Amino acid sequence: MFEEEFDDSHTIDTNPDSAADSQDRINDEMRHIHDAYEAAKSSGGAEETQPRIDFAPYRSSLLRHPTKSLHHADPETIELWSPAFGHRDVHALESDLTIQHNGEPIGERIVVSGRVLDGDGRPVAGQLVEIWQANAAGRYIHKRDQHPAPIDPNFTGVGRSITGADGSYEFTTIKPAPYPWKNHHNAWRPAHIHFSLFGTDFTQRMITQMYFPGDPLFPLDPIYQSITDQRARDRLVATYDHNVTSHEWNTGYRWDIVLTGSNRTWMENEEEEH
């Protein structure tokens with residue numbers, strides 16, 4: 001699955017002219033869109049909790065969503081061609097991304113924990129949660145990621161877990177670094193971890209991203225800023241939690257994922273996964 005979902009937009013330029021745009025121009029475009037949204041909301045307009053499909057500062061967003069009517073598919077037929085996982089197929093050690101090779105990966109060891117909840121705050125148990133991310137230098141283990149940052153031979157950057165009875169999950173990993181992408185000149189993505197969640201079958205898949213608090217790249221990133229409402233953006237940012245931090249071993253972050261309701265976590269459109 002990671003072959004398809006790698007964020008190749010930082011190595012493959014879908015718009016030959018996009019890299020010529022400056023960060024200042026992108027900032028101006030984002031500011032104009034956000035100001036218009038705030039003005040509309042103050043006049044009684046609807047609150048936007050999900051990203052806009054067409055968000056001009058995110059140059060390839062115009063190319064990353066369906067342009068024709070969607071068709072219903074038979075979920076049972078899809079299931080015949082999809083992989084299936086159960087508790088016996090997901091080992092507890094798969095949630096530790098730091099022990100998958102012969103040596104210690106380079107970077108800040110972190111633990112990310114939280115709960116998967118429904119819109120009423122009830123835990124969602126037995127949920128398959130997968131993550132993937134760049135390494136401590138901002139490099140993915142992927143043939144299409146060729147930007148000049150080192151590959152860590154002891155860090156692949158993928159893991160998975162099953163939520164417990166209380167909806168809880170936990171991953172041990174390395175804090176990822178920002179990386180460049182081709183949206184515009186000198187464009188950098190904030191550090192983030194991709195999360196994939198499954199319901200009772202593979203037709204219920206949802207994908208989102210978790211960010212780290214205080215990242216200076218937030219105001220400059222058109223993917224993050226494509227969510228026009230600040231409160232909705234804030235729900236993508238983890239909280240540093242000293243209770244998750246371990247003495248002389250790891251720092252800790254907590255991030256809950258809400259699947260439904262007005263406080264739901266932003267989920268990527270299924271056709272665009274970065």
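Let's start with strand 4, residues 168-174, which is mostly covered: 5 of its 7 residues are buried. Keep in mind as you look at it that this is a predicted model. The partner to look for is strand 1, residues 109-117, which runs antiparallel to strand 4 and is joined to it by 7 bridges. If you want a spot to anchor your view, take serine 113, whose bridge partner in strand 4 is glutamate 170. As a reminder, strands of a sheet pair through backbone hydrogen bonds, either parallel or antiparallel.

Now move over to an open sheet of 4 strands. Reading across, the order is 3-2-7-8, and the pairing is antiparallel. At the edges sit strand 3 (158-162) and strand 8 (206-211), each of which pairs on one side only. Neighbouring strands in this sheet are turned against each other by 25° on average, ignoring direction.

Zoom in on the strand 8 edge. Strand 7, residues 192-198, pairs with strand 8 in the antiparallel sense, over 6 bridges. Here histidine 192 is a handy marker, with tyrosine 211 as its bridge partner in strand 8.

How far should you trust what you see? The protein chain has a mean pLDDT of 85, with 81% of its residues at 70 or more. The beginning of the chain calls for some care, though. Residues 1-6 stay under 50 in pLDDT, and the model gives them 19 contacts beyond four places in sequence. Residues 8-14 are also below 50, with 26 contacts in the model beyond near neighbours in sequence. Where pLDDT is low, the predicted coordinates should not be read in detail.

Key:
Residues are numbered from 1 along each chain as its sequence is written. This is a predicted model: local features need pLDDT of at least 70, side-chain atom pairs count only at pLDDT 80 or more; totals for chains, interfaces and linings use all residues. Side-chain values use heavy atoms; hydrogens and water are left out. Two strands pair if DSSP finds at least two bridges between them. Helices (H or I, at least four residues) and strands (E, at least two) are DSSP runs, numbered from the N terminus. Axes are lines fitted to C-alpha atoms, for helices over the stretch in contact, and angles run from 0 to 180 degrees between N-to-C directions. pLDDT is the predictor's confidence in each residue, from 0 to 100. Contact means heavy atoms within 4.5 Å. Buried means under 20% relative accessible area, exposed over 50%, partly exposed in between (1.4 Å probe, protein chains only).
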